[in-house]
Amino acid sequence: MNAPEPVPFYVHDLTQAEKDAVCAVMDTRFLTTGSSVRAFETAFAEYLGIEHAVCLTSCTGAMHLALLALGIGAGDEVITTPMSFVATATAIMEAGATPVFVDVEPTTGNIDAAAIEAAITPRTKAILPVHLYGLMVDMIAVREIADRHGLRVIEDAAHCVEGERDGVRPGQLSDAAAFSFYATKNLTCGEGGALVCRDGELAEHVRRLSHHGITKLAFDRFQQGTIHWDMVDFGWKYNMSNLSAAMLLPQLERVDRNLERRQALAQRYTRAFADMDRIAVQHVPTNARHAHHLYPIWIRDGDRDAIYLALREHGIECAVNYRPIHLMSYFREQRGGGEGQFPHAEWIGDRTISLPFYPRLDDETADRVIDAVRNVLAE
Ligand SMILES: *Cc1c(COP(=O)(O)O)cnc(C)c1O
């Protein structure tokens, strides 16, 4: 008998609706930013319960432009977490500012709000928390600290479209929240992102910075019959195309249904591992609705990389989210990063394995993942 097919780490949930939507754009004249982008911005802002959304080409770009539009740059420090994808820190550096890491809570992996204050200096201009795996940071605590010290708050909500905590959703207590529509995210158009915010001027500023700092996009000129545009800012080129937005629109209608499926899968995994002392999972406060972007297990003891490879031998594809940013070679060599600086982030970084986790994963396949984890850890 042949071995069963490996269980993929990620499978997207694109359907005929997305194919039709993209093809419909191809039959129009506007492939670049236009009505599909505007329609998705409106729908996305409405879904999140926030005033404004600006579609961009990545979450990294969204964070970069939010920092620029808020006047944060050279000589400024931005407090963030080392337990994230490198883009969280590189976006700060793209803006010309310096990321200052603060360790995470050992039980959630989220930035430890209680430790933020000790890292604030006269150069600190902003806090950039990450809602790790889809669990929101305590934004009420972060907001209080920011208010006390006159700081901006920009959320890396790449994992957290559906998340909520204490009745607060991404963007509602901060200056802005950035989302990713990268290939493996809960909403995807391959590559893409968005910034949401409450301040209309900030949204317009980011929109302008996303398109060379010029006053009118081709679509606006076409609609309004304007002849001339002007360049009023030094900007970048981060505007989303109608093709990407068309792919996102139908997915938004399924976003809560897909969350329900991942909630059921998370419960299945968590129940199955509850009696296994070697496995820790992210603690979820009762006042939070987890967006369940990733499902990582933290192996308390044993060689994580060996366990990862053994799972692959058992046909289970996994990932590591994340080895902490300050231990990446660039940060060690150029930015003084080293072991022992952020023990909780390093503990997770040495132990975490993300399991296959997506709406199209059926119960039977999830049980294969569970059996493989049990078998590997018993070996
Ligand atoms: C994916 C991801 C990003 C980067 O998103 P892009 O859209 O690829 O720029 C940033 N932060 C976190 C936490 C992510 O997971």
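Author: A polar contact is a pair of N or O atoms within 3.5 Å. The model discussed here is predicted.

Reader: What makes the approach of His159 to the ligand a polar contact?

Author: An N or O atom in the side chain of His159 is 2.7 Å from an oxygen atom of the ligand. The limit is 3.5 Å, and therefore the pair counts as a polar contact.

Reader: Which atoms of the ligand are approached by the side chains of Ser180 and Asp156?

Author: For Ser180, an N or O atom of the side chain is 2.7 Å from an oxygen atom of the ligand. For Asp156, a polar side-chain atom lies 2.7 Å from a nitrogen atom of the ligand. Of the ligand's 390 Å² of accessible area on its own, the protein covers 94%.

Reader: Why is the ligand said to sit in the largest pocket?

Author: A molecule sits in a pocket if more than half of its atoms lie within 2 Å of the grid points of that pocket; the ligand is assigned to the largest pocket, so it meets this criterion there. Helix 3 (59–69) and helix 4 (87–94) are the elements that give two or more residues to the shell around the ligand.

Reader: What is the composition of that shell, and which residues come nearest?

Author: The shell divides into seven nonpolar, seven polar and two charged residues. Of the 16 residues around the ligand, the nearest are Thr60, Asp156, His159, Ser180 and Lys185.

Reader: Why are strand 9 and strand 11 called paired?

Author: Pairing requires at least two bridges; two bridges join strand 9 to strand 11 (residues 295–299), so the criterion is met. The two strands run antiparallel. Ile279 has Ile299 in strand 11 as its bridge partner.

Reader: What makes strand 9 and strand 12 edge strands?

Author: Strand 9 (279–280) and strand 12 (352–355) each pair on one side only. They belong to an open sheet of three strands, in the order 9-11-12, with antiparallel pairing.

Reader: Where does the backbone have a cis peptide bond?

Author: The cis bond joins Asn321 and Tyr322, with omega about 5°. Tyr322 is in the loop between helix 10 (304–313) and helix 11 (329–335).

Reader: What phi does Tyr133 have?

Author: Tyr133 has a positive phi of about 65°, although it is not a glycine. Its place is in the loop between strand 4 (124–128) and helix 6 (139–149).

Definitions and conventions:
Residues numbered from 1 in each chain as written. Predicted model: local features only at pLDDT ≥ 70, side-chain atom pairs only at ≥ 80, totals over all residues. Heavy atoms only, no water. Near = heavy atom within 4 Å. Polar contact = N/O pair within 3.5 Å; in protein donor to acceptor, adjacent residues only side chain to side chain. Areas by Shrake-Rupley, 256 points an atom, 1.4 Å probe, with all protein chains shown as cover. 1 Å grid on protein atoms, 1.4 Å probe; cavity = no way out; pocket = protein on both sides within 12 Å on 5 of 7 lines; lining within 4 Å. Helix = DSSP H or I, 4+ residues; strand = E, 2+ residues; numbered from the N terminus. Nonpolar A, V, L, I, M, F, W, Y, C, P; charged D, E, K, R; others polar.
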